[in-house]
Amino acid sequence: MMTFTTDLQALLPQLSPWLSETEAAHALTYQHPARQQQYQGGRALLRRLVCETHGYPPEQVHISRQPNGAPLLQVDGANWYCSISHTANAVAVAAHPSQPLGIDIEQLKPRRRQDAIIAQYQNGFFAGIDPEDLEGFYQRWTLAEAVTKLEQGLLLKTLRRDPSDYLKKAEFQRQDHCLTCLYRP
């Protein structure tokens with residue numbers, strides 16, 4: 001299960017009841033207001049997703065941080081798989097009690113060094129992608145990010161791989177100016 005918003009600022013007031021006091025306090029440790037909002041939105045949206053789809057009360061859903069920085073989701077004392085991604089005013093979250101997953105969301109806008117990235121990984125994740133194909137570029141980029149999050153690996157290693165098998169297990173959604181990729185092996 002996944003959910004996302006491309007208008008985080010508008011949704012944040014509705015998400016505030018889903019944010020724990022500890023999370024609200026931790027958000028203030030980030031210097032930039034946009035990053036504070038992304039942190040709050042990611043945690044609150046993830047908690048709301050779990051509670052509304054599985055019927056758990058918010059106090060049974062705990063989100064902490066693993067040593068590598070990835071979120072750790074515990075629901076009623078059990079570890080669940082989860083993934084959080086954010087960019088600008090957009091946040092995407094995914095969770096499942098037993099299936100590994102990774103999610104990424106990106107704005108569809110020309111990227112600095114996009115041509116160079118495509119050229120560098122043309123024998124890997126960007127095989128067959130035309131430098132002018134913005135959506136094609138971001139389908140591969142969000143998929144690489146989602147795979148890397150799931151594996152808790154290194155993006156540059158993921159980009160060197162053949163994307164064929166990964167593409168078969170990816171779901172893409174486009175809304176407004178953003179593309180979201182959910183990857184489940």
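Student: Leaving aside neighbours within four places in sequence, which residues is Gln 40 in contact with?
Tutor: In this predicted model, Gln 40 has its place in helix α3. Its C-alpha atom and that of Ala 24 are separated by 6.7 Å, with the two positions 16 residues apart along the chain. Neighbours within four places in sequence aside, the contacts of Gln 40 are Leu 12, Leu 19, Ala 24 and Ala 27.

Student: Is Gln 40 buried or exposed?
Tutor: The relative accessible area of Gln 40 is 19%. Buried means under 20%. Gln 40 therefore counts as buried.

Student: What is the strand order of the five-stranded sheet, and which strands are at its edges?
Tutor: The sheet is open, and its pairing is antiparallel. Its order is β1-β5-β4-β3-β2. The twist from one strand to the next averages 20°. The strands that pair on one side only, and so form the edges, are β1 (2-5) and β2 (61-65).

Student: Which residue of β3 is the bridge partner of His 62?
Tutor: β2 and β3 (residues 71-75) run antiparallel. Five bridges join these two strands. The partner of His 62 in β3 is Gln 74.

Student: At about what angle to β5 does helix α3 run?
Tutor: Helix α3 covers residues 33-54. It lies across β1, β2, β3, β4 (78-87) and β5 (90-96). Its angle to β5 is about 35°.

Student: Which element gives the most residues to the largest nonpolar core?
Tutor: This core has 22 residues, and Leu 46, Val 50, Leu 73, Val 93 and Ala 95 touch the most other members. Two or more residues come from each of α1 (8-15), α3, β2, β3, β4 and β5. With six residues, the element that gives the most is α3.

Student: Which residues does Val 50 touch, not counting those up to four places away in sequence?
Tutor: Val 50 is among the residues of the largest nonpolar core that touch the most other members. Not counting residues up to four places away in sequence, Val 50 touches Met 1, Gly 55, Tyr 56, Val 61, Leu 73, Val 75, Trp 80 and Ala 95.

Student: Why is the pair of Tyr 56 and Trp 80 described as edge-to-face?
Tutor: The search of the whole structure finds seven aromatic pairs. In the pair of Tyr 56 and Trp 80, the ring centres are 6.1 Å apart. Tyr 56 lies in the loop between α3 and β2 and Trp 80 in strand β4, 24 residues apart. The planes stand at 80°, so the pair is edge-to-face.

Student: Which classes of accessibility do Tyr 56 and Trp 80 fall into?
Tutor: Relative accessibility is 25% for Tyr 56 and 9% for Trp 80. Buried requires a value under 20%, and exposed one over 50%. Tyr 56 is therefore partly exposed, and Trp 80 is buried.

Student: Why is one side of β6 and of β7 left without a neighbour in the sheet?
Tutor: The open sheet of three strands has the order β6-β8-β7, with antiparallel pairing. β6 (102-107) and β7 (170-175) stand at its edges. One side of each is left without a neighbour because each has a single partner strand.

Student: Which residue of β8 does Gly 102 stand opposite?
Tutor: Strand β8 covers residues 178-183. β6 and β8 pair in the antiparallel sense over six bridges. Opposite Gly 102 in β8 stands Tyr 183.

Student: What angle does the direction of helix α5 make with that of β6?
Tutor: Helix α5 (residues 134-151) packs on the sheet of β6, β8 and β7. The helix touches β6, β7 and β8. Its direction and that of β6 make an angle of about 145°.

Student: Over the ring of which residue does the charged end of Arg 111 sit?
Tutor: Phe 126, Phe 137, Tyr 138 and Trp 141 form one aromatic cluster. The charged end of Arg 111 is 4.3 Å from the centre of a ring in this cluster. That ring belongs to Trp 141.

Student: Where does Arg 113 lie, and what is its phi near?
Tutor: Arg 113 counts as exposed, at 51% relative accessibility. Its place is the loop between β6 and α4 (114-120). Its phi is positive, in a residue other than glycine, and is near 70°.

Key
Residues are numbered from 1 along each chain as its sequence is written. This is a predicted model: local features need pLDDT of at least 70, side-chain atom pairs count only at pLDDT 80 or more; totals for chains, interfaces and linings use all residues. Side-chain values use heavy atoms; hydrogens and water are left out. Helices (H or I, at least four residues) and strands (E, at least two) are DSSP runs, numbered from the N terminus. Axes are lines fitted to C-alpha atoms, for helices over the stretch in contact, and angles run from 0 to 180 degrees between N-to-C directions. Contact means heavy atoms within 4.5 Å. Rings of Phe, Tyr and Trp (its six-membered ring) pair if their centres lie within 6.5 Å; planes under 30 degrees apart count as stacked, over 60 as edge-to-face and the rest as tilted. Buried means under 20% relative accessible area, exposed over 50%, partly exposed in between (1.4 Å probe, protein chains only). A charge sits over a ring if NZ of Lys or CZ of Arg is within 6 Å of the ring centre and within 35 degrees of the ring normal. A nonpolar core is a set of buried Ala, Val, Leu, Ile, Met, Phe, Trp, Tyr and Cys residues joined through side-chain atoms within 4.5 Å.
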